[in-house]
Amino acid sequence: MEQTFIMIKPDGVQRGLIGEIIARFEKKGFSLKGLKLINVDRGFAERHYADLSAKPFFNGLVEYIISGPVVAMVWEGKNVVVTGRKIIGATNPADSAPGTIRGDFAIAIGRNVIHGSDSVESATKEIALWFPEGIVAWQSNAHPWIYE
Ligand code: RTP
């Protein structure tokens, strides 16, 4: 079953949005497979966002991610990468539809509350980076009520 890496960024943690965000993924029917509240250092944040290192906003982005604890999660389910990005909404909250996390809770692109892997390949890399200890193997009893 497909997995994705989801991170609640420091603004989402500081603003008390952890429960709200987890609830949206949980109510959709996805399964939580990994969860931790952690501070990451500059080197780690730079590794996570390595693909964006040439962007003018890179240093500000790294400062933002290391400014406080983040919630790192692995969610599992059919098409969870693409559907997770839909639940999150467009990168710039000015373009995120109401009903999405960024559409409902963010205004500025540099304070957009949450990250979600943009492909299955990125998800695999990000899960390995953020959860080198591995994740819990379990299957919800609700599985037959969510999938036909
Ligand atoms: P994410 O990786 O956080 O899920 O976001 P994304 O795929 O939707 O967007 P991406 O282009 O990968 O950018 C990563 C994060 O960088 C910040 N950003 N700031 N100031 C700017 O113009 C700008 N552009 C992007 C955002 O926090 C974005 O989520």
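# A first look at this predicted model

Helix α7 has five buried residues worth meeting at the start: Ser122, Ala123, Glu126, Ile127 and Trp130. They span an arc of only 130 degrees around the axis, which puts them on the same side of α7. The model you are looking at is predicted. Welcome to the tour, which goes from the whole protein to its helices and then to single residues.

**The protein as a whole**

- The protein contains eight helices and four strands, and along the sequence these follow the pattern β-α-α-β-α-α-β-α-α-β-α-α.
- Its radius of gyration is 15 Å, close to the 15 Å that the globule rule gives for 148 residues, so the protein is as compact as a globular protein of that length.
- Along the principal axes, the C-alpha atoms fill a box of roughly 45 × 35 × 25 Å.
- Of the 148 residues, 44% are buried.
- The accessible surface comes to about 8100 Å², and carbon and sulfur atoms hold 54% of that surface.
- Among contacts with a separation of 6 or more, 78% join residues that are 24 or more positions apart.
- There are 16 positive and 16 negative side chains, and the centres of these two sets lie 2 Å apart.

**Helix α7 (120-130)**

- The buried residues of α7 are covered by elements that include β1, β2 (31-38), α3, β3, α5 and β4.
- The other side of α7 carries the exposed residues Glu121, Thr124, Lys125 and Ala128.

**Helix α4 (58-65)**

- Phe58, Leu61, Val62, Tyr64 and Ile65 are the buried residues to look for in α4.
- Viewed down the axis of α4, these buried residues fall within an arc of 160 degrees, so they line one face of the helix.
- The partners they pack against are β1 (3-8), α1 (10-14), α3 (42-48) and β3 (70-76).

**Helix α5 (80-88)**

- In α5, the buried residues are Val80, Val81, Thr83, Gly84, Ile87 and Ile88.
- These residues pack against β1, α2, β3, α6, β4 and α7.
- Just after α5 comes Gly89, which has a positive phi near 95 degrees.

**Helix α2 (18-28) and Arg24**

- Arg24 has its place in helix α2.
- Not counting residues up to four places away in sequence, Arg24 touches Ile87, Gly99, Thr100, Ile101, Asp104 and Phe105.
- One of these partners, Thr100, is 76 residues from Arg24 in sequence, while their C-alpha atoms are 9.5 Å apart in space.

**The loop between α6 and β4**

- Asn112 sits in the loop between α6 (101-105) and β4 (114-116), and Val113 is found in the loop between α6 and β4 too.
- Asn112 is buried because its relative accessible area is 3%, which is under the 20% cut-off for a buried residue.
- Leaving aside neighbours within four places in sequence, Asn112 is in contact with Lys9, Asp11, Tyr64, Thr91, Pro93, Arg102 and Ala106.
- Val113 is buried as well, with a relative accessible area of 0%.
- Although Val113 is not a glycine, its phi is positive, at about 75 degrees.

**Strand β4 and Ile114**

- Ile114 lies in strand β4 and, at 0% relative accessibility, counts as buried.
- Beyond residues up to four places away in sequence, Ile114 touches Ile6, Met7, Ile8, Lys9, Ile21, Phe25, Ile88, Ile101 and Arg102.
- Ile114 and Pro10 are 104 residues apart in sequence, and the distance from C-alpha to C-alpha is 8.7 Å.

**The loop between β3 and α5**

- Asn79 is found in the loop between β3 and α5.
- Most residues other than glycine have a negative phi.
- Asn79 is not a glycine, yet its phi is positive, at about 55 degrees.
- With a relative accessibility of 46%, Asn79 counts as partly exposed.

Key: Residues are numbered from 1 along each chain as its sequence is written. This is a predicted model: local features need pLDDT of at least 70, side-chain atom pairs count only at pLDDT 80 or more; totals for chains, interfaces and linings use all residues. Side-chain values use heavy atoms; hydrogens and water are left out. Buried means under 20% relative accessible area, exposed over 50%, partly exposed in between (1.4 Å probe, protein chains only). Helices (H or I, at least four residues) and strands (E, at least two) are DSSP runs, numbered from the N terminus. The arc is that of the directions from the helix axis to the C-beta atoms. Contact means heavy atoms within 4.5 Å. The radius of gyration is taken over C-alpha atoms; the globule rule is 2.2 Å times the number of residues to the power 0.38. Accessible areas come from the Shrake-Rupley method with a 1.4 Å probe; for residues, only the protein chains shown count as cover. Lys and Arg count as positive and Asp and Glu as negative; His and the chain ends are not counted. The place of a charge is taken as NZ of Lys, CZ of Arg, CG of Asp or CD of Glu.
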